[in-house]
Amino acid sequence: LHSSGHFEYRKFQVSVSSIEELQDLDARLWHDYDCWQETLKRARREYYYLNYLYSDQLWILDDFFRGHPITADLHSLFHFIHPLISLNEDVRKMCTAPKQKDDPYKRLCQIGSAMDKICGSLQSPKRLMDKKKKQQSPSTVTSSSLSLRTRVQPGKVFVAALDVNSHQVVNVIMKLYESTTGSFPEPHQIIICSPDTKWE
């Protein structure tokens, strides 16, 4: 619960005096954890910018919107979302400050709503690739950039099948972006998964 960012378990300490109490506590904590995971999923479906954050980073935003000083971690979070966001007191005022007595879902919604106001009107800046330094296409990727441009269509799924444990994943991604947009991918545009990757 602590590592998953639950607001009510940021600091938690309890003592028990019997096996029965310990079992009851264990059951209650698992119940709270399951409820928190569902709450996170629900809030992330409703507020897009919450998906940029690991759940334990929500504390940083919660602190900021409740009046705590601006920190280096906070600057890093917003810079990851968009490098042009400048944090100041005006940004803080865009949020209805979450209250500690509010239930977790309400606090998530207040943070999500504020993030939408701060980030929603910003377009991701394109970092164009230097044509002189464009990567050479590996022989296993495609025959030409023109071939990719004709095969990758907006709104349609494009599947590039690679061997298990292939070392060409990054090359393929960069070649796709080079051939179709001419710019480097942004962090929020790519997710590289493994068998252990969670839906969260």
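Buried here means under 20% relative accessible area. With a relative accessible area of 1%, D62 falls below that cut-off and so counts as buried. That acidic residue is a good way into this structure, which is a predicted model.

**The overall layout**

The protein has 7 helices and 0 strands, so, with helices numbered from the N terminus, the elements simply read α-α-α-α-α-α-α. Of its 200 residues, 34% count as buried. The protein exposes about 13,800 Å², and carbon and sulfur atoms supply 53% of that area. As for contacts between residues at least 6 apart in sequence, 66% of them join residues at least 24 apart.

**Helix α2 and the core**

Back to D62, which sits in helix α2. This helix is mostly covered, with 7 of its 8 residues buried. The buried ones are L58, W59, L61, D62, D63, F64 and F65. What do they pack against? The buried residues of α2 pack against α1, α3, α4 (89–92) and α5. Just after the helix comes G67, with a positive phi of about 105°.

Some of those α2 residues turn up again in the nonpolar core. The largest such core has 30 residues, and L58, L61, F65, F78, M115 and C119 are those with the most contacts inside it. At least two core residues come from each of α1 (19–46), α2 (58–65), α3 (72–81) and α5 (104–119). Which helix gives the largest share? That is α5, with 8 residues.

F78 is worth clicking on if you want to see how the core is wired. Leaving aside residues up to four places away in sequence, F78 touches L61, I85, L87, M115, I118 and C119. L61, M115 and C119 are also on the list of residues with the most contacts inside the core.

**Salt bridges**

In general, side chains of opposite charge can pair when their charged atoms come close. By the rule used here, the count comes to 7 salt bridges. Three of them are listed below.

| Pair | Closest N to O distance | Burial |
|---|---|---|
| D62 and R66 | 3.1 Å | D62 buried at 1%, R66 partly exposed at 27% |
| R107 and D62 | 2.6 Å | R107 buried, D62 buried |
| K175 and E178 | 3.3 Å | K175 buried, E178 buried |

D62 takes part in a salt bridge with R66 and in another with R107. The R107 pair links distant parts of the chain: R107 is in helix α5 and D62 in helix α2, 45 residues apart. Both of these side chains are buried. R66 counts as partly exposed, because its 27% relative accessibility lies between the 20% and 50% cut-offs.

Zoom out a little and these pairs belong to something wider: R10, D62, D63, R66 and R107 are linked in a network of salt bridges.

The K175 and E178 pair is a more local affair. How many residues apart are they in helix α7? They are 3 residues apart in α7 (residues 169–180), so about one helical turn separates them. K175 and E178 are both buried.

**Cysteines**

A search of the whole structure finds 0 disulfides. C109 is buried, with a relative accessible area of 13%. C119, which we met in the core, is buried as well, at 2% relative accessibility.

**On the surface**

Not every nonpolar side chain is tucked away. F12, V14, V16, I19 and L22 form a nonpolar patch on the surface, and together they have about 430 Å² of accessible area. One of them, V16, is found in the segment before α1. V16 is partly exposed, because its 36% relative accessibility is over the 20% limit for buried but not over the 50% that exposed requires.

One backbone oddity is left, at N165. N165 has a positive phi of about 65° although it is not a glycine. Where is N165 placed? N165 is in the loop between α6 (145–151) and α7. N165 counts as exposed, because its 68% relative accessibility is over 50%.

Key. Residues are numbered from 1 along each chain as its sequence is written. This is a predicted model: local features need pLDDT of at least 70, side-chain atom pairs count only at pLDDT 80 or more; totals for chains, interfaces and linings use all residues. Side-chain values use heavy atoms; hydrogens and water are left out. A nonpolar core is a set of buried Ala, Val, Leu, Ile, Met, Phe, Trp, Tyr and Cys residues joined through side-chain atoms within 4.5 Å. Buried means under 20% relative accessible area, exposed over 50%, partly exposed in between (1.4 Å probe, protein chains only). Helices (H or I, at least four residues) and strands (E, at least two) are DSSP runs, numbered from the N terminus. Contact means heavy atoms within 4.5 Å. A salt bridge is a side-chain nitrogen of Lys or Arg within 4 Å of a carboxyl oxygen of Asp or Glu. Patches are made of residues with over 30% relative accessible area and no salt bridge: like charges are joined within 9 Å, nonpolar side chains (Val, Leu, Ile, Met, Phe, Trp, Tyr) within 5 Å. Accessible areas come from the Shrake-Rupley method with a 1.4 Å probe; for residues, only the protein chains shown count as cover. A disulfide is a pair of cysteine sulfur atoms within 2.5 Å.
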